Amino acid sequence: SREYFTVAILAQAESRHPYRAHFPIAPESFQLGNMVKYSREATNGSKSCKAMGVDLRVHYKNTYETARAIKGMSLRVAQQYLEDVCEKKRCVPFRKYTGCIGRTPQAKEFKMSQGRWPVKSAKILLGLLRNAESNAEFKNLDTENLTITHIQVSMAQQGRRRTFRAHGRVNAYMNCPCHVEMLLEEKEEAVEKPSEDVKAKKFTKKQLAKRRLKVGGDA
């Protein structure tokens, strides 16, 4: 239960730091909902759904480019595109991180020349899209009408390892995980603007005289 969990945490804190044991630990602080914060909120919260992944063990640069490729797509189109990337039928265009990226004819679809097939990043984003779809179904939204309006990939804290070099040296061997957040919204149905009666334009005497001169000339 929650009370037992709190007591266990207090006992562990007392064993490690006896002088900190008198500070109370609120059970509400363990709720993850209070810690999650998105960089952007939807204009209409009832017609949107979210998904987030934190400290994902996947390369930041590959995930950034893959997320940039699916931004603005509908949910079904993005899912089909990522599945095609996993099967290497379509590529992910690299627009920002273009160093040492090979060229492929599949990038012509995006009017680019450089592209890759980051399968691991595509699978991670497919899982997040599946999570967002479940959240949309829970809120009774139309999953066929969802569009990715916001997706952001941020650098996470790097994992630290070591690699051993010649002559007894040791170098850093870091990995580059990332955080991903996305926001999907329902498209609003287009409403035609009611036709308004066109009012006759009124001209001054000076404007009318100028118009007569343009039509008739100097005569």
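**Exercise 1. Overall layout**

In which order do the elements of the protein run from the N terminus on?

*Solution.* The order is α-β-α-α-β-β-α-β-β-β-β-α. This amounts to five helices and seven strands. Helices (H or I, at least four residues) and strands (E, at least two) are DSSP runs, numbered from the N terminus. The model is a predicted one, in which local features need pLDDT of at least 70 and side-chain atom pairs count only at pLDDT 80 or more, while totals for chains, interfaces and linings use all residues. Residues are numbered from 1 along each chain as its sequence is written, and side-chain values use heavy atoms, with hydrogens and water left out.

**Exercise 2. Confidence**

State the average pLDDT of the protein and identify stretches that score below 50.

*Solution.* Step one concerns the average. pLDDT is the predictor's confidence in each residue, from 0 to 100. The protein averages 84, and 82% of the residues score at least 70.

Step two concerns the weak stretches. Over residues 2-7 the pLDDT is below 50, and this stretch has five contacts in the model beyond near neighbours in sequence. Contact means heavy atoms within 4.5 Å. Over residues 17-34 pLDDT also stays under 50, and the model has 14 contacts for them beyond four places in sequence. Where pLDDT is low, the predicted coordinates should not be read in detail.

**Exercise 3. The open sheet**

Give the strand order of the open sheet of three strands, then place helices against its strands.

*Solution.* The order is β1-β7-β4, with antiparallel pairing. Two strands pair if DSSP finds at least two bridges between them. The edge strands, each pairing on one side only, are β1 (48-56) and β4 (146-155). Neighbouring strands of the sheet are turned by 10° against each other on average, direction ignored. For such angles, axes are lines fitted to C-alpha atoms, for helices over the stretch in contact, and values run from 0 to 180 degrees between N-to-C directions.

Next, consider the pairing of β4 with β7 (residues 178-186): nine bridges join these antiparallel strands. Leu146 stands opposite Glu186 in β7.

Finally, add the helices. Helix α2 (residues 60-70) lies across β4 and β7, at about 160° to β4. Helix α4 (residues 119-138) lies across β1, β4 and β7, at about 145° to β1.

**Exercise 4. Helix α2 and the core**

Why is α2 described as largely enclosed by the rest of the structure?

*Solution.* Begin with burial, where buried means under 20% relative accessible area, exposed over 50%, and partly exposed in between (1.4 Å probe, protein chains only). Nine of the eleven residues of α2 are buried, so this helix is largely enclosed by the rest of the structure. Among the buried residues are Tyr60, Tyr64, Glu65 and Ile70. Their cover includes α3, β2 (92-93), α4, β4 and β7. After α2 comes Gly72, with a positive phi near 90°.

Then turn to the largest nonpolar core, which has 36 residues. Such a core is a set of buried Ala, Val, Leu, Ile, Met, Phe, Trp, Tyr and Cys residues joined through side-chain atoms within 4.5 Å. Ile70, Tyr81, Leu82, Leu125, Met182 and Leu184 have the most contacts inside this core. Two or more residues come from each of β1, α2, α3 (75-86), α4, β4 and β7, and α4 gives the most, with seven residues.

Last, follow Ile70 itself: leaving aside neighbours within four places in sequence, Ile70 is in contact with Ala78, Tyr81, Leu82, Leu125, Ile148 and Ile151.

**Exercise 5. Individual residues**

Locate Asp55, His167 and Asn135, and describe the exposure of each residue.

*Solution.* Asp55 is in strand β1. Its phi is near 55°, a positive value in a residue other than glycine. At 45% relative accessibility, Asp55 is partly exposed.

His167 is in the loop between β5 (159-164) and β6 (170-175). Although not a glycine, His167 has a positive phi of about 65°. Its relative accessibility of 78% makes His167 exposed.

Asn135 is in helix α4 and is partly exposed, with a relative accessible area of 29%. Not counting residues up to four places away in sequence, Asn135 touches Cys49 and Lys50. The C-alpha atoms of Asn135 and Cys49 are separated by 6.1 Å, although these residues are 86 residues apart along the chain.
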